[in-house]
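Me: Could you take a close look at one part of this model for me, the open sheet with the helices that pack on it, and then show how it sits within the rest of the chain? I work with structures by computer, so please keep the numbers in.

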Amino acid sequence: MQKMGSQSGALLLLLLLIQLTLCSHSVATYRPCQPPRHHSYPFCNTSLPLKSRARSLISLLTLPEKIQQLSNNASAVPRLGIPSYEWWSESLHGIASNGPGVSFNGTITSATGFPQVILASSAFNRSLWAAVASAIAVEAKAMHNAGQAGLTYWAPNINIFRDPRWGRGQETPGEDPMVTSAYAVEYVRAFQGEYHRAAEGYKYGLQRRALGLGDDDGMMLSLSACCKHFTAYDLEKWRQFARYNFNALVSDQDMADTYQAPFRSCILQGNASCLMCSYNSVNGIPACADRDLLQKARTDWNFRGYITSDCDAVATIYEYQNYTKSPEDAVAAALKAGTDINCGTYMLHHMMSAFEQGKVSEEDIDKALLNLFLVQLRLGLFDGEAARNRFRGLGPKDVCSSEHRKLALEATRQGIVLLKNEQKFLPLNKHVVSSLAVIGPLANSTDLGGGYTGIPCKPISIMEGLKGYVKDIYHAAGCQDVSCNSTAGFAEAVSAAKKSDYVIVVAGIDLSQETEDHDRYSLLLPGYQMELVTAVAAVSKNPVILVLTGGGPLDVSFAVGDPRVGSILWIGYPGETGGTALSQIIFGHYNPGGRLTMTWYPESFTRVPMNDMNMRADPSRNYPGRTYRFYTGDRVYGFGYGLSYTSFTYKLTSAPLKLRLPVSIKGRRKRKLVGKEYIYVDEVAYCSSLRFEVQISVSNDGDVEGSEVVLLFGKAAKRLKGRPEMQLVGFERVHILRRESAETRFVVDPCEHLSYADEDGKRVLAMGDHLLISHTIEHIVSIQI
């Protein structure tokens with residue numbers, strides 16, 4: 001571990017305090033197994049193994065009652081004292097109003113609006129991600145206690161941001177499988193708050209082995225998180241392709257080292273209790289009907305949870321994809337493949353007739369119910385009075401708390417990326433700025449949350465945030481809306497710019513341009529926005545500050561090369577504290593340190609068909625590849641790019657020069673790849689013996705403290721077929737005081753970090769030289785037998 005700066009240390013402390021709070025109270029809402037009538041069933045007996053309890057419950061249900069459980073809105077079973085349950089709640093970057101499981105009509109009328117995931121991921125800060133997830137969990141439990149939310153949440157979205165036009169890329173941690181995997185693990189672990197029950201009370205999951213608990217005891221959950229959308233889902237609606245009928249043609253190679261990697265981590269390391277299958281087909285089979293795909297999670301990754309369809313994805317198997325000949329065949333295919341619950345009503349309407357036609361058996365239904373009830377049991381929903389000993393104290397006071405809003409502000413500040421800063425134009429000095437023009441259709445908007453947002457606590461617009469620094473502020477929208485289809489408002493914007501010392505133009509995109517079920521066709525600023533920026537810059541006394549909103553990359557090449565644009569800041573969808581965060585950065589009260597988690601492509605990239613799922617470049621058909629790992633074309637800004645108000649110097653302090661593979665390679669076999677020896681990772685008997693440390697010292701050479709995101713990349717020196725251009729090995733965010741330094745340490749596992757997938761989807765490790773790259777550092781490590 002590197003020396004933890006004050007920023008990371010404070011976040012870790014906050015995370016621990018949140019977790020302690022979460023685990024010291026109890027639920028006070030109505031549950032099954034309540035005395036005096038319904039507490040004596042075996043499924044209410046908390047001393048029995050969870051599987052025994054679940055099977056007992058299933059045995060008491062009639063077939064119609066069983067089928068009524070196969071929907072997100074599971075029906076009540078009054079004779080057993082079991083109330084209805086809504087599985088569908090959303091918590092992507094705060095408690096959202098999208099799912100029917102959440103209501104803001106009650107004692108709790110809002111929830112903390114954290115920055116959208118694509119911005120939070122740009123902080124490259126694991127402890128921050130975990131702290132945010134823990135805070136969201138506290139608010140979820142508080143809303144559950146108030147009867148306004150469930151315990152099962154369908155987040156995070158961990159699909160790879162493969163194409164810059166994707167409308168839901170904003171919901172993801174970006175284009176890199178390692179970053180996305182790390183985010184998924186931190187979110188799920190912190191959100192679920194796993195623990196184990198033993199005779200001496202509730203024990204956390206880390207004590208599982210010490211307590212000798214077997215699989216049947218199951219890991220208990222405070223809440224349930226869901227990894228979605230499984231898999232290769234990243235197209236909404238583009239030309240004739242729509243997510244409901246799109247067939248993603250994915251090679252074994254890309255599946256192994258790109259599309260599946262985050263889901264594997266989310267389950268194996270994050271212990272996710274839910275997996276959502278996607279709308280699209282994968283290589284001709286609808287994801288929710290693909291037995292090989294869904295069972296891989298259970299057999300290869302040891303998934304112990306429930307699988308839900310995306311909403312109406314079971315219906316699309318027949319209605320849109322024409323994969324089956326009847327609705328009954330569709331629900332049977334989904335159920336037998338491993339889809340346990342249907343978000344929607346298709347299973348409710350057609351499962352009985354599928355049973356009567358012999359397409360499904362009651363045993364098939366029971367397998368799904370076992371997965372569903374086990375998760376509910378792990379959540380304590382059938383613990384009766386015993387469940388009242390936890391979480392009782394969480395309520396309205398724990399939602400929109402000052403601590404959570406401070407955390408939201410910190411997450412937003414850490415994520416904002418400074419893309420351009422000519423002649424150190426920023427930060428501005430508030431003592432010399434007497435007037436400021438703030439121009440743009442979103443400059444005075446508080447709707448900056450992005451997709452899957454609830455009702456924020458106290459949203460602050462960019463205009464409102466800046467008022468704390470400048471007395472005279474002139475506002476002009478310039479465009480009627482983000483589409484900016486008219487220049488009618490330009491005159492007012494130009495006038496405001498002329499009479500101001502400095503000008504901030506807020507441009508970019510919003511949910512009218514990119515959202516669920518809506519992809520983009522262009523990477524340029526919408527409508528006449530480019531012309532608005534240029535017109536204002538032409539009359540401004542000083543270079544303008546361009547602020548870009550939205551989750552998807554933008555081609556702003558015109559501004560990058562224009563000296564009249566002094567600085568460019570990307571704020572994504574900053575959430576309710578965006579106005580405060582941006583103003584603090586512009587006026588130097590916070591030093592930006594965010595880095596892009598996605599490549600910003602030029603507009604010419606839109607010639608690449610969005611439905612082409614191949615990651616690797618193919619010069620024979622002028623295909624440039626995708627993401628920084630394989631893309632060979634021009635960039636506006638690259639993955640990992642971001643500036644600071646200070647400067648940093650890197651020094652490699654420790655790394656090996658040579659590694660030798662163990663002699664006892666399984667089968668003692670060597671393979672050849674384009675004339676260069678390589679070996680299959682699964683043939684290396686002791687991969688752990690190859691692990692080594694890389695230590696890097698980072699010095700802050702400036703006069704202001706700041707955070708630096710240290711990125712370590714690796715690649716094989718020889719250009720081998722299918723090899724990534726480079727790939728991320730590790731990342732750390734360190735906070736460094738002015739004129740001081742900090743040490744970062746990376747543990748590199750060559751079998752994991754320096755390997756890649758071959759055409760058959762098998763991980764291979766090239767022999768010979770590998771380059772380790774970090775900022776100005778390039779170091780060669782040679783791997784030999």
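Reply: Happy to! A little background helps before we zoom in. The protein chain holds 22 helices and 30 strands, and what you see is a predicted model. The chain has 785 residues, and a compact globule of that length would have a radius of gyration near 28 Å; the 27 Å found here agrees with that. Along the principal axes, the C-alpha atoms fill a box of roughly 75 × 65 × 55 Å. Of the 785 residues, 63% count as buried. The exposed surface comes to about 28,700 Å², with carbon and sulfur atoms supplying 49% of it. Among contacts with a separation of 6 or more, 78% are between residues 24 or more positions apart.

Now to the sheet you asked about. It is an open sheet of 6 strands in the order β13-β18-β17-β16-β14-β15, and its pairing is mixed. The edges belong to β13 (417-421) and β15 (472-476); each has a single partner strand, so one side of each is left without a neighbour in the sheet. From one strand to the next, the twist averages 20°. As a reminder, strands of a sheet pair through backbone hydrogen bonds, either parallel or antiparallel.

One pairing is worth following residue by residue. Strand β16 (residues 502-508) and strand β17 (residues 544-549) run in the parallel sense and are joined over 5 bridges. If you want a place to centre your view, Val505 stands opposite Leu546 in β17.

Two helices pack against these strands. Helix α17 (residues 490-498) touches β14 (435-439), β15 and β16, and its direction makes about 165° with that of β15. Helix α18 (residues 529-539) lies across β14, β16, β17 and β18 (565-572), running at about 175° to β16.

The loop between β16 and α18 also ties this region to a distant part of the chain. Asp517 sits in that loop, while Arg243 sits in the loop between β7 (241-242) and β8 (247-248), 274 residues apart from it. Their side chains meet in a salt bridge, with 3.7 Å from N to O. The two ends differ in cover: Arg243 counts as buried because its relative accessibility is 5%, whereas Asp517, with a relative accessible area of 32%, is partly exposed. This pair belongs to a wider network of salt bridges that links Arg168, Glu171, Glu236, Arg243, Glu516 and Asp517.

Across the model, the count comes to 31 salt bridges. Two others make useful companions to the one above. Asp398 and Lys397 meet at 3.1 Å, N to O; Asp398 is buried at 13% relative accessibility, but Lys397 is exposed at 60%. Asp618 pairs with Arg621, their closest N and O atoms being 3.2 Å apart. Here Asp618 is partly exposed at 24%, and Arg621 is partly exposed at 40%.

Another route back to the sheet region starts at Ile118, in helix α4 (residues 117-121). Its relative accessibility is 0%, so Ile118 counts as buried. Leaving aside neighbours within four places in sequence, the contacts of Ile118 include Phe161, Gly169, Pro173, Gly551, Trp570, Thr597 and Met598. Trp570 is one of these contacts, and its number falls within β18 (565-572). Ile118 and Glu175 are 57 residues apart in sequence, with their C-alpha atoms 9.8 Å apart in space.

For a contrast with the parallel pair, go to the strands further along the chain. Strand β24 (residues 706-716) and β29 run antiparallel, joined by 4 bridges, and Ala716 stands opposite His770 in β29. Strand β29 (residues 768-774) is mostly covered, with 6 of its 7 residues buried. β29 also runs antiparallel to strand β30 (residues 777-784), this time with 7 bridges, and the bridge partner of Ile773 in β30 is Glu778. β29 and β30 form a hairpin with 2 residues between them, and in the turn His775 has a positive phi of about 55°.

Technical notes. Residues numbered from 1 in each chain as written. Predicted model: local features only at pLDDT ≥ 70, side-chain atom pairs only at ≥ 80, totals over all residues. Heavy atoms only, no water. Pairing = 2+ DSSP bridges. Axes fitted to C-alpha atoms, helices over the stretch in contact; angles between N-to-C directions. Contact = heavy atoms within 4.5 Å. Rg over C-alpha atoms; globule rule 2.2 N^0.38 Å. Buried < 20%, exposed > 50% of the residue type's maximum accessible area, 1.4 Å probe, protein only. Areas by Shrake-Rupley, 256 points an atom, 1.4 Å probe, with all protein chains shown as cover. Salt bridge = Lys/Arg side-chain N within 4 Å of Asp/Glu carboxyl O.
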